[in-house]
Amino acid sequence: MNYEAELDRAIENLHQEGRYRTFIDIVRHKGQFPHATWRKPDGTEKPVTVWCGNDYLGMGQHPVVLNAMHEAVDATGAGSGGTRNISGTTLYHKRLEAELADLHGKEAALLFTSAYVANDATLSTLPKLFPGLIIYSDELNHASMIEGVRRNGGAKRIFKHNDVDHLRELMAADDPAAPKLIAFESVYSMDGDFGPIEAICDLADEFGALTYLDEVHAVGMYGPRGGGVSERDNLAHRIDIINGTLAKAFGVFGGYIAASPKMVDAIRSYAPGFIFTSSMPPAVAAGAAASVAHLKTDQTLRDQHQMQARILKMRLKGLGLPLIDHGSHIVPVIVGNPVHTKKLSDMLLDDYGIYVQPINFPTVPRGTERLRFTPSPVHGPREIDQLVTAMDRLWSHCALNRAELAG
């Protein structure tokens, strides 16, 4: 085989389909988010406003987080020095896990290097703990959940997105004595819709199933203390395992699960994705713990975030853009073609200094390619005005002109 030729073919396929992903080199400046500097391939620089980041609340710039990280670096140095089982567990890790358990009303929590790893490692390990386990997974679950379910070697059933009736049909068709688990999300990040948590919990009770809820795009932002949609709706106590991230609303890095002490003990003892991975640096754990603790009391920041999202959606709807609005903080504008989506993204960056990454297949289904905007409390009136003006001009003069976009 000509390996180089095969690599060329695979990459060229992405170019031909218009979904080759390009890294945009961004230099963030402390205290100035969402403003940053775009370092172009030719070495020149241009100021930009980041409209596609997952630092939803700007906590990656918050003094309480930065001070905690500085203190931890000064006290402990850089890395953790090992896995959690071998010299990599510190007081900072234990403090963060205690904060997370408290956040979700659970007795225990377990840190991972990312929420992706937390999903993959946990879902792929559960059949080892419950032989014969059947996992019922929403068809639009995140890739990390899909991978964990795929790799676990157990039985799986895929139910139509948010379709509780279909889920019931699948569960009713299986052996009543078989162990079962329902895996789903609270906020689905591409459309911004909410999972039917209460209805799924009711089904879980009826069929004797465990529940596994991914709150990655909700923690920090929903609920009176930032515990997610399950906290907002007073349902966290009905969820057996909650997955979350520290890299989005909390502004730092890492992922976790929160559950019962026995569940956490079993996962940490059996999951290779936990056992054989170095633990997060103590400074990262310190910053994350400070962020979680702060957001438990900062409802003002959550309110500002939701307000900015509502304002942006209202303004974009006023332009007649094909916007999906399920009431969450996520603002997707459907373009419907990968080439056109990339062209719009490029023009926003080049001509207006607005950075929003195109979202293409396989992240979203073909034909639903989009620009996904993520407003934050620090996207003020000036930034929103600039974005709306740019989208109005480009959509009116370019987005509907297929020949120009394809050129």
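Is Val-364 buried or exposed? Val-364 is buried, with a relative accessible area of 2%. The close-ups below start from this residue and then visit other spots in the chain, and everything you see comes from a predicted model.

**Figure 1. How confident the prediction is along the chain.** The mean pLDDT of this predicted chain is 94, and 97% of its residues reach 70 or more. Residues 402-407 are the place to be wary of, with a pLDDT below 50. Leaving out near neighbours in sequence, that stretch still makes 13 contacts in the model.

**Figure 2. Val-364 and the residues around it.** Look for Val-364 in the loop that links strand E13 (358-359) to strand E14 (370-373). Its relative accessible area is 2%, under the 20% cut-off, so Val-364 counts as buried. Skip the residues up to four places away in sequence, and Val-364 touches Met-190, Ile-359, Glu-369 and Arg-370. Pro-282 is a different story: 82 residues separate it from Val-364 along the chain, and the two C-alpha atoms are 36 Å apart.

**Figure 3. Strand E14 and its two partners.** Which strands pair with E14? One is E11 (residues 331-334), which runs antiparallel to E14 and is joined to it by 4 bridges. Another is E13, also antiparallel, with 2 bridges to E14. Arg-370 is a handy residue to zoom in on: Ile-334 stands opposite it, and Ile-359 has it as a bridge partner too. Both faces of E14 are covered, with Arg-370 and Arg-372 buried on one side and Leu-371 and Phe-373 buried on the other.

**Figure 4. Two cis peptide bonds, each leading into a proline.** As a rule, most peptide bonds are trans. The bond from Phe-33 to Pro-34 is cis, with omega near 15 degrees. Pro-34 sits in the loop between strand E1 (26-28) and strand E2 (35-39). Phe-361 and Pro-362 are also joined by a cis bond, this time with omega about 10 degrees. You'll find Pro-362 in the loop between E13 and E14, which is where Val-364 is placed as well.

**Figure 5. Two asparagines with a positive phi.** Most residues other than glycine have a negative phi. Asn-162 has a positive one, near 60 degrees. This asparagine belongs to the loop between strand E6 (155-159) and helix H6 (164-172). Asn-234 isn't a glycine either, yet its phi is positive at about 55 degrees. Its loop runs between helix H8 (229-232) and strand E9 (241-245). How exposed are they? Asn-162 is partly exposed, because its relative accessible area is 22%. Asn-234 counts as exposed, because its relative accessibility is 58%.

**Figure 6. The second largest pocket.** This pocket has a volume of about 180 Å³. It is lined by 13 residues, and the ones closest to its centre are Arg-84, Lys-94, Glu-97, Leu-110 and Arg-268. Helix H3 (91-103), strand E4 (108-112) and helix H9 (261-270) each supply at least two lining residues. H9 gives the most, with 4 residues. Sort the lining by type and you get 6 nonpolar, 2 polar and 5 charged residues.

**Figure 7. The largest cavity.** Rolling a probe the size of a water molecule over the atoms shows where empty space is left. The count comes to 2 cavities of 30 Å³ or more. In the largest cavity there is about 90 Å³ of space. Its lining includes Arg-84, His-93, Phe-112, Phe-274 and Met-280. The elements that give two or more residues to this lining are E4 and helix H10 (272-275). By type, the lining splits into 4 nonpolar, 6 polar and 1 charged. Spot Arg-84 here: it lines this cavity, and it is also one of the residues closest to the centre of the second largest pocket.

**Figure 8. The second largest cavity.** Here the volume is about 50 Å³. Which residues line this cavity? They are Thr-22, Ile-24, Lys-342, Ser-345, Asp-346, Leu-349, Gln-357 and Pro-358. Helix H13 (residues 338-352) has the largest share of the lining, 4 residues. The lining is made up of 3 nonpolar, 3 polar and 2 charged residues.

Methods:
Residues are numbered from 1 along each chain as its sequence is written. This is a predicted model: local features need pLDDT of at least 70, side-chain atom pairs count only at pLDDT 80 or more; totals for chains, interfaces and linings use all residues. Side-chain values use heavy atoms; hydrogens and water are left out. pLDDT is the predictor's confidence in each residue, from 0 to 100. Contact means heavy atoms within 4.5 Å. Buried means under 20% relative accessible area, exposed over 50%, partly exposed in between (1.4 Å probe, protein chains only). On a 1 Å grid over the protein atoms alone, a cavity is a set of points where a 1.4 Å probe fits but cannot get out, and a pocket is an open set with protein on both sides within 12 Å along at least five of seven lines; lining residues have an atom within 4 Å of a point. Grid points are joined across faces, edges and corners, and a volume is the space filled by probe spheres set on the points. Ala, Val, Leu, Ile, Met, Phe, Trp, Tyr, Cys and Pro count as nonpolar, Asp, Glu, Lys and Arg as charged, and the others, Gly among them, as polar. Two strands pair if DSSP finds at least two bridges between them.
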